Amino acid sequence: QLVESEGGLVQAGDSLRLSCAASGRTFSSYAMGWFRQAPGKEREFVAAINWSGARTQYADSVKGRFTISRDNAKNTVYLQMNSLKPEDTAVYYCAAAPAVRVTPVQYDYWGQGTQVTVSS
């Protein structure tokens, strides 16, 4: 089971850190990803990190603003979001996959999602 931390309502330019805690099983051997889905849009890739944390991948839209990291001892993955923009508003999901992937169908486990709203 993957459980995201509470998102929130922030202003443009603010920062927010999401966390995703795993329970029931260990995900230390899995790649972890963050996706988001805005109303009326498809779920889109945001960032992913391999099992060791040595490799990361980002969507162009968040590159340089968002940072994904993980702490395998805590079975937790993080998404640090800086310089937030209104277009970052979406429900954010964490997910686990055997390797770093960018499409949702390649992820086996999903959190329930958390709302992030960025006001202008």
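## Strand S8, its sheet and the loops around it

Strands S3 and S8 pair in the antiparallel sense, with 6 bridges between them, in what is a predicted model. Within this pairing, Arg17 stands opposite Gln80 of S8. Strand S3 covers residues 16-22, and S8 covers residues 76-81.

The pairing of S3 with S8 belongs to an open sheet of 4 strands, which has the order S1-S3-S8-S7 and antiparallel pairing. Strand S1 (2-4) and strand S7 (66-71) stand at the edges of this sheet, and because each has a single partner strand, one side of each is left without a neighbour in the sheet. From one strand to the next, the twist averages 15°. Strands of a sheet pair through backbone hydrogen bonds, in either a parallel or an antiparallel manner.

S7 and S8 also pair in the antiparallel sense, over 6 bridges. In this pairing Arg70 stands opposite Val77, while Asp71 stands opposite Thr76. S7 and S8 form a hairpin with 4 residues between them, and Asn75, in the turn, has a positive phi of about 55°. As for its accessibility, S8 is mostly covered, with 5 of its 6 residues buried.

Rolling a probe the size of a water molecule over the atoms shows where empty space is left. A search of the whole structure finds 1 cavity of 30 Å³ or more, and about 70 Å³ of space lies in the largest cavity. The lining of the largest cavity includes Arg70, Asn75, Thr76 and Val77, residues already met in the hairpin, and also Asn72. Leu2, Cys20, Ala22, Phe27, Ser28 and Met32 line this cavity as well. S3 and S8 each supply at least two residues of the lining, so that the two strands recur here as they did in the description of their pairing.

The loop between S8 and strand S9 (90-97) holds Asp88, and Glu87 lies in that loop too. Another loop, between strand S4 (31-37) and strand S5 (44-49), is the place of Glu42. The accessibilities of these three residues are set out below.

| Residue | Relative accessibility | Class |
|---|---|---|
| Asp88 | 0% | buried |
| Glu87 | 57% | exposed |
| Glu42 | 71% | exposed |

Asp88 counts as buried because its relative accessibility, 0%, falls under the 20% limit, whereas Glu87 counts as exposed because its value of 57% is over the 50% limit. The side chain of Asp88 makes a polar contact with the side chain of Arg36, at 2.9 Å. Leaving aside neighbours within four places in sequence, Asp88 is in contact with Arg36, Arg65, Phe66, Ser83, Val116 and Val118.

Glu42 at 71% relative accessibility likewise counts as exposed. When neighbours within four places in sequence are left aside, Glu42 is in contact with Arg36 and Gln37; Arg36 thus appears among the contacts of Glu42 and among those of Asp88. Two C-alpha to C-alpha separations complete the account of these loops. Glu87 and Arg43 are 44 residues apart in sequence and 14 Å apart in space, and Glu42 and Gly113 are 71 residues apart in sequence and 14 Å apart in space.

Notes
Residues numbered from 1 in each chain as written. Predicted model: local features only at pLDDT ≥ 70, side-chain atom pairs only at ≥ 80, totals over all residues. Heavy atoms only, no water. Pairing = 2+ DSSP bridges. Axes fitted to C-alpha atoms, helices over the stretch in contact; angles between N-to-C directions. Buried < 20%, exposed > 50% of the residue type's maximum accessible area, 1.4 Å probe, protein only. Polar contact = N/O pair within 3.5 Å; in protein donor to acceptor, adjacent residues only side chain to side chain. Contact = heavy atoms within 4.5 Å. 1 Å grid on protein atoms, 1.4 Å probe; cavity = no way out; pocket = protein on both sides within 12 Å on 5 of 7 lines; lining within 4 Å. Points joined across faces, edges and corners; volume = space filled by probe spheres on them.
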